[in-house]
Amino acid sequence: MKTLEVIGVTKHFGSITVLKDVSFTVWKGEILGLIGPNGVGKTTLVNLITGAVSYSDGDIRFLGKSIRGFKPHQISRLGVSRTFEVAPPSTQMTSLENVMVGAFFGKRGRQRAARAAGKKAEESLDFMGLAAKKYVPAGSLNVLERRRLEIAIALAMNPKLLLLDEVMAGLNSTELDEAVELVKRVRDAGVTILVVEHVMRAIAKVSDRILVLHHGKKIIEGAPEKVLNDRQVIEAYLGKRHKDVTGRG
Ligand SMILES: Nc1ncnc2c1ncn2[C@@H]1O[C@H](COP(=O)(O)OP(=O)(O)OP(=O)(O)O)[C@@H](O)[C@H]1O
Ligand SMILES: [Mg+2]
């Protein structure tokens, strides 16, 4: 089943064409990794999917229906969440308060009473292993806990599709492994995931498939092993870092 379909999407910012005729599908239950050099249009693509930015050509379908022209709150209520957009964690609010904001915003959020939002927020925090940090100001969390909190906020919105834009930046290698496991746990709980990430080791481990953008176009998509060993990808993007990616050079 197709959760998300991006069909021939083109995006211009003034005279600059950022995305050119980009098409891909995110299948239900998969983790799709999206990579590409800085400024290639990854975050822009996330912005198009969530309705934050409009596009000139193409269509985006969520669960079989076009969401082109929908407002961000409409798309979020359909079940598309992203990290950080709706409510970047406020450092002074507690973890629980931060996640409650997500619980209020999401699908069915409008009808959700404060108590129910609190319950949903606690569930999301428990799920992300932050039960002990509920009443702690978000500003006192360490980097990994902070990333977990961002995902907990998005999860409290009951997403069917979760868009993670560089949630693994700044993590050390142990933390990266933990983050990879957490993302997989979220998927195993029934959430389809699109991950934008620069950390190759993490993207290789977490993704079922990887899609590469280069010069605004999709140059390849497929199994991590295939994509990260593709000559065109290595030349276009990975360069010398390829060795670090697979450990085999
Ligand atoms: N609102 C905007 N107005 C004009 N140009 C924009 C806007 N948003 C993004 N751009 C441009 O679009 C291009 C793609 O940016 P985008 O942030 O999507 O790249 P990215 O792949 O996410 O990069 P990074 O890996 O650095 O996060 C860049 O050239 C950027 O300057
Ligand atoms: Mg970006």
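This is a short selection-by-selection tour of a predicted model.

**Stop 1: the ligand**

Start by selecting ligand 1 and the residues around it: Phe13, Val18, Gly36, Asn38, Gly39, Val40, Gly41, Lys42, Thr43 and Thr44. Try colouring this shell by residue class, and you will get three nonpolar residues, six polar ones and one charged. Which helix gives the most to the shell? That is helix α1, residues 42-49, with three residues.

**Stop 2: helix α1**

Stay with α1 and bring the rest of the structure back into view. Seven of its eight residues are buried, so the helix is largely enclosed by the rest of the structure. To see them, select Lys42, Thr44, Leu45, Val46, Asn47, Leu48 and Ile49. Two of these buried residues, Lys42 and Thr44, also belong to the set around ligand 1. Step just past the end of α1 and click on Gly51, where phi is positive, at about 85°.

**Stop 3: strand β9**

Now go back to Gly36 in the ligand shell and look across to Leu211. The two are 175 residues apart in sequence, yet their C-alpha atoms are 8.5 Å apart in space. Leu211 belongs to strand β9. Is Leu211 buried or exposed? It has 24 other C-beta atoms within 10 Å, so it is buried.

Move along to Leu213, also placed in β9, which covers residues 209-214. This leucine counts as buried because it has 27 C-beta neighbours inside 10 Å. Draw a C-alpha to C-alpha distance from Leu213 to Lys20: it reads 9.9 Å, for a pair separated by 193 residues in sequence.

**Stop 4: strand β8**

Next, select Leu194 in strand β8, residues 192-196. Leu194 has 27 other C-beta atoms within 10 Å and is therefore buried. From there, label Ile210: this residue and Leu194 are 16 residues apart in sequence, with 9.6 Å between their C-alpha atoms.

**Stop 5: helices α5 and α6**

Show α5 (residues 143-155) and α6 (residues 173-188) as cylinders. How far apart are the axes of the two helices, and at what angle do they pack? The axes are 11 Å apart and the angle is about 15°. Angles under 35 degrees count as roughly parallel, and α5 and α6 are therefore roughly parallel to each other. Rotate the view until one helix lies over the other, and you can follow the right-handed crossing in which α5 passes α6.

**Stop 6: two positive phi values outside glycine**

Follow the chain on from α5 into the loop between this helix and β7 (161-165), and pick Asn158 there. Its phi is near 55°, a positive value in a residue other than glycine. With 20 C-beta neighbours inside 10 Å, Asn158 counts as buried, because the cut-off is 20 or more. Add Ser81 to the selection: its C-alpha atom is separated by 8.0 Å from that of Asn158, although the two are 77 residues apart along the chain.

Then jump to Leu63, in the loop between β4 (57-62) and β5 (65-66). Leu63 is not a glycine either, and its phi is positive, near 50°. What surrounds Leu63 within 10 Å? There are 16 other C-beta atoms, so this residue is partly exposed.

**Stop 7: helix α4**

Finish on helix α4, residues 114-127, and try a quick geometry check. At 1.5 Å a residue, its 14 residues should span 20 Å, and the end C-alpha atoms are indeed 20 Å apart, which agrees. Highlight the buried residues of α4 next: Ala117, Lys120, Ala121, Glu122, Ser124 and Leu125. Among them are Lys120 and Glu122, both of a type that counts as charged. The last click is Gly129, which follows α4 and has a positive phi, near 70°.

Terms used:
Residues numbered from 1 in each chain as written. Chains lettered and ligands numbered in written order. Predicted model: local features only at pLDDT ≥ 70, side-chain atom pairs only at ≥ 80, totals over all residues. Near = placed C-beta within 6 Å. Helix = DSSP H or I, 4+ residues; strand = E, 2+ residues; numbered from the N terminus. Expected span 1.5 Å × (residues − 1). Buried ≥ 20, exposed ≤ 12 C-beta atoms within 10 Å, placed from the backbone. Axes fitted to C-alpha atoms, helices over the stretch in contact; angles between N-to-C directions. Parallel < 35°, antiparallel > 145°, perpendicular 65-115°, else oblique. Left-handed = near helix turned anticlockwise from the far one by under 90°.
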